[in-house]
Amino acid sequence: MAVFMDLNISYKTDKKRLQSVIETAAHLGYSTVAINYVVDLQQKKQEIGKPKCVSELFDTFPIVQGKSRPIKVLNRLTVVASDPSHFRPTAEYKAYDLVAVYPKTEKLFHAACMTFDVDIICVAVTEKQPFFFKRSPVNGAIERGVFFEISYTPAIRDSTMRRYTIANAISLMETCKGKNVIVTSGAEKPLELRGPYDIANLGLLFGLSEGDGKAAISTNCRAVHLHGETRKTALGIVHTMKKDQLTERQEEEHVPASKRAKIETV
């Protein structure tokens with residue numbers, strides 16, 4: 001059975017409202033959610049603080065519908081920036097389970113795809129995309145395991161934003177072919193959340209296939225979570241294997257007899 005995730009629940013200082021959104025997510029069948037802290041580094045004197053401890057939200061976390069375990073809550077940081085110099089990872093970044101960047105310019109989008117140590121790149125949904133998606137940086141992000149995010153809540157709130165969301169999403173799909181895409185809510189209140197299967201169907205409007213639409217709220221989200229854990233703990237993984245002696249013999253058998261004789265002589 002698929003494990004569904006919503007990696008964008010907007011952080012609000014109103015604790016009761018935040019609790020209500022998370023409880024609704026659990027009731028709808030989401031196993032994992034991420035509380036999203038947004039910092040706009042385009043504005044002066046903006047500092048990245050530490051996230052609130054998730055254990056302070058509930059004494060007992062709500063049980064996921066259809067599961068026997070409680071919902072898992074992550075902390076996510078989204079950095080809004082227009083210039084690569086704005087994005088300077090510090091120790092505060094490591095306090096978050098996930099790190100996303102919302103690039104406002106093509107130059108920053110290219111840097112985010114090719115060099116930034118992030119898990120998610122946000123796609124504009126409240127305005128027309130200010131630049132075209134180019135295949136080279138998008139493919140670079142896919143190779144690095146970075147995912148692109150489309151949030152659906154603005155499309156619910158306003159008809160103009162709905163046009164922007166669908167147009168920008170389709171533009172991205174034409175370039176990435178549905179690979180490395182996640183769909184999140186960005187919900188600020190419970191009524192803005194939708195069930196996982198509704199979102200999978202909504203993916204068809206965004207240009208995703210049925211399989212990619214389901215992956216955008218399940219397996220792709222899990223890959224983002226694992227990417228975040230790897231980013232926090234290590235730069236890479238080395239996998240070692242003991243070479244089987246039988247394999248060595250098989251390799252020798254494939255060597256021509258004349259060449260084998262020369263090797264034995266040496």
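Student: Which right-handed unit do strand 5, helix 3 and strand 6 make?

Tutor: The model is predicted. In this model, strand 5 covers residues 120-122, helix 3 covers residues 135-144, and strand 6 covers residues 147-151. Together these three elements make a right-handed unit, and its name is β-α-β.

Student: In which sense do strand 5 and strand 6 pair, and which residue of strand 6 stands opposite isoleucine 120?

Tutor: Three bridges join strand 5 to strand 6, and the pairing is in the parallel sense. Within this pairing, the residue of strand 6 opposite isoleucine 120 is phenylalanine 147.

Student: Is strand 6 largely enclosed by the rest of the structure, or is it exposed?

Tutor: Phe147, Glu149 and Ser151 point one way from strand 6, while Phe148 and Ile150 point the other way, and all are buried. Since five of the five residues of strand 6 are buried, the strand is therefore largely enclosed by the rest of the structure.

Student: Which residues of strand 7 are the bridge partners of isoleucine 150 and serine 151?

Tutor: Strand 7, residues 181-184, pairs with strand 6 in the parallel sense over four bridges. Val181 and Val183 point one way from strand 7, Ile182 and Thr184 point the other way, and all are buried. The partner of isoleucine 150 is valine 183, and that of serine 151 is threonine 184.

Student: Which residues are the closest to the centre of the largest pocket?

Tutor: The volume of the largest pocket is about 500 Å³. Its lining has 24 residues, and strand 1, strand 2, strand 3, strand 6 and helix 4 each supply at least two residues of that lining. The residues closest to the centre are Asn8, Ser10, Asn36, Val38 and Ser151.

Student: How many residues of the lining of the largest pocket are nonpolar, polar and charged?

Tutor: The lining of the largest pocket can be divided by residue class. The counts are ten nonpolar, nine polar and five charged.

Student: How many aromatic pairs are there, and which residues are linked by ring pairs into a cluster?

Tutor: The count of aromatic pairs comes to eight. Ring pairs also link residues into a cluster, and its members are Phe109, Phe131, Phe133 and Phe148.

Student: How many residues apart in sequence are the parts that phenylalanine 4 and tyrosine 197 tie together?

Tutor: Phenylalanine 4 and tyrosine 197 form an edge-to-face aromatic pair, with 5.3 Å centre to centre and 75° between the planes. Phenylalanine 4 lies in strand 1 and tyrosine 197 in helix 6, so the pair ties together parts whose separation in sequence is 193 residues.

Student: Is phenylalanine 4 buried or exposed?

Tutor: A residue counts as buried under 20% relative accessible area. The relative accessibility of phenylalanine 4 is 5%, so phenylalanine 4 counts as buried.

Student: Which of lysine 177 and asparagine 180 is buried, and which is exposed?

Tutor: Lysine 177 lies in the loop between helix 5 and strand 7, and asparagine 180 lies in the loop between helix 5 and strand 7 as well. Phi is positive in lysine 177, near 60°, and in asparagine 180, about 55°, whereas most residues other than glycine have a negative phi. With a relative accessible area of 14%, asparagine 180 is buried; at 56% relative accessibility, the residue that counts as exposed is lysine 177.

Student: What distance separates the C-alpha atoms of asparagine 201 and glycine 211?

Tutor: Asparagine 201 lies in helix 6 and, at 49% relative accessibility, counts as partly exposed. Glycine 211 is ten residues from asparagine 201 along the chain, and their C-alpha atoms are separated by 10.0 Å.

Conventions: Residues numbered from 1 in each chain as written. Predicted model: local features only at pLDDT ≥ 70, side-chain atom pairs only at ≥ 80, totals over all residues. Heavy atoms only, no water. Buried < 20%, exposed > 50% of the residue type's maximum accessible area, 1.4 Å probe, protein only. Pairing = 2+ DSSP bridges. Right-handed = clockwise from strand over helix to strand, strands pointing away. Phe/Tyr/Trp six-rings, centres within 6.5 Å; stacked < 30°, edge-to-face > 60°. 1 Å grid on protein atoms, 1.4 Å probe; cavity = no way out; pocket = protein on both sides within 12 Å on 5 of 7 lines; lining within 4 Å. Points joined across faces, edges and corners; volume = space filled by probe spheres on them. Nonpolar A, V, L, I, M, F, W, Y, C, P; charged D, E, K, R; others polar.
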